[in-house]
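Biologist: Please take one part of this model, the ligand site with the helix that leads into it, and walk me through it closely. I would like the cut-off behind each term as you use it.

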Amino acid sequence: MSSAQNEESTHRGLFITFEGTDGSGKSTQLKLLAKRLRAQNYDVVETVEPGGTAIGTQIRRILLDSGNDEIVPMAELLLMFASRAQNVEQTIRPALQKGAIVLCDRFTDSSLAYQGGGRNLGFEPILAAHRLAVGDFFPDITLCIDIDLETSLARAQSRNQRLSKTADHQETRLDDQSLDFHERVRKAYHRIAQQEPGRFLLVDGQTDIETLAERIWAAISPRLP
Ligand code: TYD
């Protein structure tokens, strides 16, 4: 994969994505990093996938609705990329062109891990869908927070119990997959880390929030513009 930085003529910002299994704590860490960067006067844009735009948010509802269990893996993949195409064009690229640091909660590596690994589609169809949806556009840096499966599932379950009292309660279709599925997701992340050690940084998430935030800062700060 080439990075978004290769498109130097079209943008001056930095595109950072966060990855990890469900309950890894990546969304909390994304917010902490955004706060720290803003405190240093960086222009920061936060976004999320699936979602991130009005269209993407509608696609997200279809994807995560626990009632939609008949979605076939290829439809799931293409909906992820429909949301991504919209987000890159409408939010991410324009922000990078203005020189912002874009922090995205999940991106194509999630499709490699969940659809490629979890759903057993393999990496090739995901990379083909990526090229079709967004071309040669990849993150500059990806932080993947790695935790063991037991911790991941326990955290995701307790979060879903908390959310069961809110409108988000039905957004659990992908959390509700089997243990084998989640194991394949984690293995796929490890494979990406081996394939792309320069871009894809695996961070040990089996620690408290502050220590993890410091680990992430140590990885990111030398690469800031
Ligand atoms: P979300 O509630 O945002 O979970 P999390 O906080 O763990 O990110 O749900 C996003 C779900 O969508 C998550 O289970 C991972 C899945 N997903 C894919 O399967 N493929 C993708 O390409 C993306 C972006 C997400």
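Modeller: A convenient way in is N120, which lies in the loop between α4 and α5 (123-134), where helices (H or I, at least four residues) and strands (E, at least two) are DSSP runs numbered from the N terminus. The model is a predicted one, in which local features need pLDDT of at least 70 and side-chain atom pairs count only at pLDDT 80 or more, while totals for chains, interfaces and linings use all residues. Residues are numbered from 1 along each chain as its sequence is written, and side-chain values use heavy atoms, with hydrogens and water left out.

N120 has a positive phi of about 65 degrees although it is not a glycine, and at 55% relative accessibility it counts as exposed (over 50% is exposed, under 20% buried and anything in between partly exposed, with a 1.4 Å probe and protein chains only). From that loop one can step back into α4 itself, where S110 lies. S110 counts as buried because its relative accessible area is 7%. The side chain of S110 is joined to that of E19 by a polar contact of 2.5 Å (a pair of N or O atoms within 3.5 Å; within protein, one must be able to donate a hydrogen and the other to accept it, and residues adjacent in sequence count only if both atoms are side-chain atoms). A polar contact of 3.0 Å links the side chain of S110 to that of R106.

R106 brings us to the ligand, since an N or O atom in the side chain of R106 is 2.7 Å from an oxygen atom of the ligand. The protein covers 94% of the 540 Å² of accessible area that the ligand has on its own (areas come from the Shrake-Rupley method with a 1.4 Å probe, and for residues only the protein chains shown count as cover). Two other arginines also approach ligand oxygen: a polar side-chain atom of R60 lies 3.1 Å from an oxygen atom of the ligand, and a polar side-chain atom of R84 lies 3.1 Å from one.

Taken as a whole, the shell has 16 residues surrounding the ligand, the closest being K26, R106, S111, Q115 and R159 (a residue is near a molecule if one of its heavy atoms lies within 4 Å of it). By class, the shell divides into eight charged, five nonpolar and three polar residues; Asp, Glu, Lys and Arg count as charged, Ala, Val, Leu, Ile, Met, Phe, Trp, Tyr, Cys and Pro as nonpolar, and the others, Gly among them, as polar.

The ligand takes up the space of the largest pocket. On a 1 Å grid over the protein atoms alone, a pocket is an open set of points with protein on both sides within 12 Å along at least five of seven lines, and a molecule sits in it if more than half of its atoms lie within 2 Å of its grid points. The elements giving two or more residues to the ligand shell are α2 (54-64), α3 (73-97) and α4 (108-118), and the largest share, four residues, comes from α4.

For contrast, Q90 is placed in helix α3 and is partly exposed, with a relative accessible area of 46%. The side chain of Q90 makes a polar contact of 2.8 Å with that of Q86, while Q90 and G116 are 26 residues apart in sequence and 26 Å apart in space, C-alpha to C-alpha.

Notes:
On a 1 Å grid over the protein atoms alone, a cavity is a set of points where a 1.4 Å probe fits but cannot get out, and a pocket is an open set with protein on both sides within 12 Å along at least five of seven lines; lining residues have an atom within 4 Å of a point.
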